[in-house]
Amino acid sequence: MSDNSAQIVYEFLSPSDETQLEAADVIIGFGHFDQRIARQCGALWRRNLAPRIIFTGGIGAGSADLGEPEAEAFAQTLLAEFPEFPLTDLLIEPDSTNTGDNVRFTLDRLTEAGWSIRSAILVATPFRQRRVNQTWAKVAAPFSHQSAPPTSDLATDTALFATKGEDLIDQFRGEIHRLRTYPTKRWISPIDIPDHVTAAVQSLT
């Protein structure tokens, strides 16, 4: 495997609109053990890019050691680092265990809370951002979205996943497989995977 191949796949899986974000109605943090997601949501809120935040995520295979749903852990991180954040502008969805349910259950919580939205900023751990976007496009099609994963790089994320005993390259393979197969199950919106990305994936060992 070349470092360049891994970088190509990483960049494809991690789209970001960070430099051209526009104001939206809500920021949505997608559950994971990666607490940078909560910090990124808080930073986007502090930049006045959206007035409200919702965290979505139950207890997943990679986050069981949190001892609580991912969304609740995110809320604690947010309030610890952004103590001025108003609780009335925070929602928690603690039951979902997959990305499709993240979106569906989030829409349900927004409706229950009476939060009307037309646009959202989606925040996921970088390598999951592409699939989160495609899931949103399928499940929440009426609402526009922008991508804002935490700013990172391949080396940083490789080290982060290693702390959990996980191989980021294996995660890359799984993500590309999902992007190829989930549209046939109508779980996500279809996406073209460029030839150079396919070639890079095939060279990962």
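Contact means that heavy atoms lie within 4.5 Å of each other. The exercises below concern a predicted model.

**Exercise 1. State where glutamine 40 lies, decide whether it is buried or exposed, and list its contacts beyond its neighbours within four places in sequence.**

Solution.
- Step 1: Glutamine 40 is placed in helix H2.
- Step 2: A residue counts as buried under 20% relative accessible area. Glutamine 40 has a relative accessibility of 11%, and therefore it is buried.
- Step 3: With neighbours within four places in sequence set aside, the contacts of glutamine 40 are Glu18, Val123, Ala148, Pro149 and Pro150.

**Exercise 2. Describe the overall make-up of the protein chain, and test its radius of gyration against that of a compact globule.**

Solution.
- Step 1: The protein chain holds 8 helices and 5 strands. Read from the N terminus, their order is α-β-α-β-α-β-α-β-α-β-α-α-α.
- Step 2: For 205 residues, a compact globule is expected to have a radius of gyration near 17 Å; the value for the protein chain is 16 Å, so the two agree.
- Step 3: Along the principal axes, the C-alpha atoms occupy a box of roughly 50 × 35 × 30 Å.
- Step 4: Of the 205 residues, 52% are buried. Among contacts with a separation of 6 or more, 76% join residues 24 or more positions apart.

**Exercise 3. Check the length of helix H3 against expectation, and identify what its buried residues pack against.**

Solution.
- Step 1: Helix H3 covers residues 70-81, which is 12 residues. The expected span is 1.5 Å times one less than the number of residues, so H3 should span 16 Å.
- Step 2: The end C-alpha atoms of H3 are 17 Å apart, in agreement with the expected span.
- Step 3: Glu70, Ala71, Ala73, Phe74, Ala75, Thr77 and Leu78 are the buried residues of H3.
- Step 4: These buried residues pack against strand S1 (26-30), helix H2 (36-46), strand S2 (53-56) and strand S3 (90-93).

**Exercise 4. Classify the crossing of helices H6 and H7, and describe the contact between them.**

Solution.
- Step 1: Two packed helices are described by the angle between their axes and by the distance between those axes.
- Step 2: The axes of H6 (residues 154-162) and H7 (residues 168-181) come within 9 Å and cross at roughly 100°.
- Step 3: Angles of 65 to 115 degrees count as roughly perpendicular, and therefore H6 is roughly perpendicular to H7.
- Step 4: H6 contributes Leu154, Asp157, Thr158 and Phe161 to the contact, while H7 contributes Leu168, Gln171 and Phe172.
- Step 5: Sorted by class, the contact has 4 nonpolar, 2 polar and 1 charged residues.

**Exercise 5. For asparagine 48, arginine 186 and leucine 87, give the loop and decide whether each is buried or exposed.**

Solution.
- Step 1: Asparagine 48 belongs to the loop between H2 and S2. Its relative accessible area is 65%, so asparagine 48 is exposed. Phi of asparagine 48 is near 65°, a positive value in a residue other than glycine.
- Step 2: Arginine 186 is found in the loop between H7 and helix H8 (195-203). With a relative accessible area of 67%, arginine 186 is exposed. Phi of arginine 186 is positive, near 65°, and this residue is not glycine.
- Step 3: Leucine 87 sits in the loop between H3 and S3. At 59% relative accessible area, leucine 87 is exposed. Leucine 87 is 89 residues from isoleucine 176 in sequence, and their C-alpha atoms are 37 Å apart in space.

How values were computed. Residues are numbered from 1 along each chain as its sequence is written. This is a predicted model: local features need pLDDT of at least 70, side-chain atom pairs count only at pLDDT 80 or more; totals for chains, interfaces and linings use all residues. Side-chain values use heavy atoms; hydrogens and water are left out. Helices (H or I, at least four residues) and strands (E, at least two) are DSSP runs, numbered from the N terminus. Buried means under 20% relative accessible area, exposed over 50%, partly exposed in between (1.4 Å probe, protein chains only). Axes are lines fitted to C-alpha atoms, for helices over the stretch in contact, and angles run from 0 to 180 degrees between N-to-C directions. Angles under 35 degrees count as roughly parallel, over 145 as roughly antiparallel, 65 to 115 as roughly perpendicular and the rest as oblique. Ala, Val, Leu, Ile, Met, Phe, Trp, Tyr, Cys and Pro count as nonpolar, Asp, Glu, Lys and Arg as charged, and the others, Gly among them, as polar. The radius of gyration is taken over C-alpha atoms; the globule rule is 2.2 Å times the number of residues to the power 0.38.
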